[in-house]
Amino acid sequence: MRPAPSLLLFTVLSGIGFGTLALAALARASPSVWAAGYALALAGLVASTFHLAHPLRARFAFRRLRTSWLSREAWGAVAALALLMPVALADLAGGPRPIFWGMAGGLACLGTVISTAMIYGQLRAVPRWHHWSTPALFPGFAAAGGALIAMPGPWAAALCVALSAGLAASFVSGDRHVARCALTTGRVTGLARFGRVRSFEPPSTGPTWLTREIVTGRPRSRVLRGLAVLLAGVAPAAVLILAPGAVPLAGALHLAGAFVARWLFFAEARHVAGLFHGVPLAPAPKAALKPAPAARG
Amino acid sequence: MTGGRKLALVIDLDACVGCHACTVACKGWHALSPATTLGDRDSHGAAPEGAFLTRVHCYEIENETGPAQILSFPRVCQHCEDPPCVPVCPTGASHLRLDGVVAIDDARCLGCGLCAWACPYGARELDPVAGVMRKCTLCLDLPQDPSRPEDDSAPACVRACPTGARHVGDLGDPHSPLSRLVAERGGFALLPELGTRPAGRYLPPRPKDAAPAVPPLSPIAPGQGVRAWIDRLAGRR
């Protein structure tokens, strides 16, 4: 799948933003924490509209709450931002906190992040995403990133280490999950019973929206995976423990790691429709995938 | 699903010759109305790109027992009974009609692309000009062409196919001619294991005739073969 910059910005920034807001809802937070939470969440939501061909029609996205995770995410985001407004104002004014609004807003934040994850996790056509790690890691990133902003300390370090462990486990388990799918060009075309099926000629002479957006798959990169695990959790945790004052550095390292991890999430995932074009679901390790001429972006 | 009507395309892989006439006819038919035109970007430039609703793949099939085979394979929306592209749509633009056709209300489409991600067949393409998702509608939404005979209501791809490899009909009725054809030829669905319940069917290629087994030539001269025969002619024996 193509790692669209708008989707990277949206999922990473709004994830950290809603994580920050959820933690700010739990305990009294400083104005700068609230500001960071709202700014990140809103920046992510604005970035998400860059992905739409018709951004002005985004208002229609609230109509299918019953079936669509994208609709649920839209509702969750608006609900979270609205419900936490009185809590933020109470913290700014130094008055008593409205506990109910804080609880409801925190749950809405969690729901929003889980909805974002399920937009990807629900897709059976992308086996790498249709896996436990998708709905587990999105809240994991939100919690770790939010903790680095809202309550940098031992708890944040622990969450970061847990995130790194989860990320490493997701790479191993996700690869196994895709290998178990065992879908081939022969199986998707239903022609496997006649022999070994190979894509002989692509259906178009040039790239198409489909080949650029969906029929792409990058080889697995152990270096980038290692970098993501290191930057997202291990390095920020080390900074928090060794130099408790250097919170911005820890945050910057985590943000870089989150972007690398999210880029890998998109770039390494492969779509079942790619098999019609002869792009296998699981690349042979270390061998760079040679895209068919039509698949070149 | 009311009345069990299930409109579907059935594609005969034995008859398809890979001429792409369906692809072109579909594009042309949609261009009849500005509302349904499948957009093209840079159509006469260096990197043309446009939306097409059916595309013809070509596969090589190797087997142990015979020569390799080349097979043309048109890919198109399977009009699933449980279409994964419909529930993911946040606006309800992507919907399942009562006659079993999966369609898009393009005035409500955001162009978010999630439906195309959800489709395991890669049947949807984003229009690069209109910025909305496009998919096969079995030509039902198109304005009626007055020059068309009334009974000629088949989709453009079906009418354009020079070898009659594409059929359209009601697969909800087990006694319809199309249902009988599918049963006779052992038509199969694509990726039924993903739970999409596709309505479309593919008719498998018929087995190729095997070359007749040629018996070895009977010896011209029984006994010690040609050399002995020449020897005998030459009088050496």
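This note goes through the overall form of chain A and then the surroundings of one strand in chain B, in a model that is predicted.

1. Chain A is built from ten helices and one strand, and if you follow the sequence from its start you will meet these elements in the pattern α-α-α-α-α-α-α-β-α-α-α. The radius of gyration of chain A is 21 Å, close to the 19 Å that the globule rule gives for 297 residues, and therefore chain A is as compact as a globular protein of that length.

2. Taken along the principal axes, the box filled by the C-alpha atoms of chain A is roughly 75 × 45 × 30 Å. Among the 297 residues of chain A, 52% count as buried, and when you consider the contacts in chain A with a separation of 6 or more, 73% are between residues 24 or more positions apart.

3. In chain B, strand 1 covers residues 7-12, and because six of its six residues are buried, this strand is largely enclosed by the rest of the structure. From strand 1 of chain B, L7(B), L9(B) and I11(B) point one way, while A8(B), V10(B) and D12(B) point the other way, and all are buried.

4. Which strands does strand 1 of chain B pair with? Strand 10 of chain B, residues 166-170, pairs with strand 1 in the antiparallel sense over five bridges, and there D170(B) is the bridge partner of L7(B). Strand 11 of chain B, residues 201-203, pairs with strand 1 in the parallel sense over three bridges, and in strand 11 the bridge partner of I11(B) is Y202(B).

Conventions
Residues numbered from 1 in each chain as written. Chains lettered and ligands numbered in written order. Predicted model: local features only at pLDDT ≥ 70, side-chain atom pairs only at ≥ 80, totals over all residues. Buried ≥ 20, exposed ≤ 12 C-beta atoms within 10 Å, placed from the backbone. Helix = DSSP H or I, 4+ residues; strand = E, 2+ residues; numbered from the N terminus. Pairing = 2+ DSSP bridges. Rg over C-alpha atoms; globule rule 2.2 N^0.38 Å. Contact = placed C-beta atoms within 7 Å.
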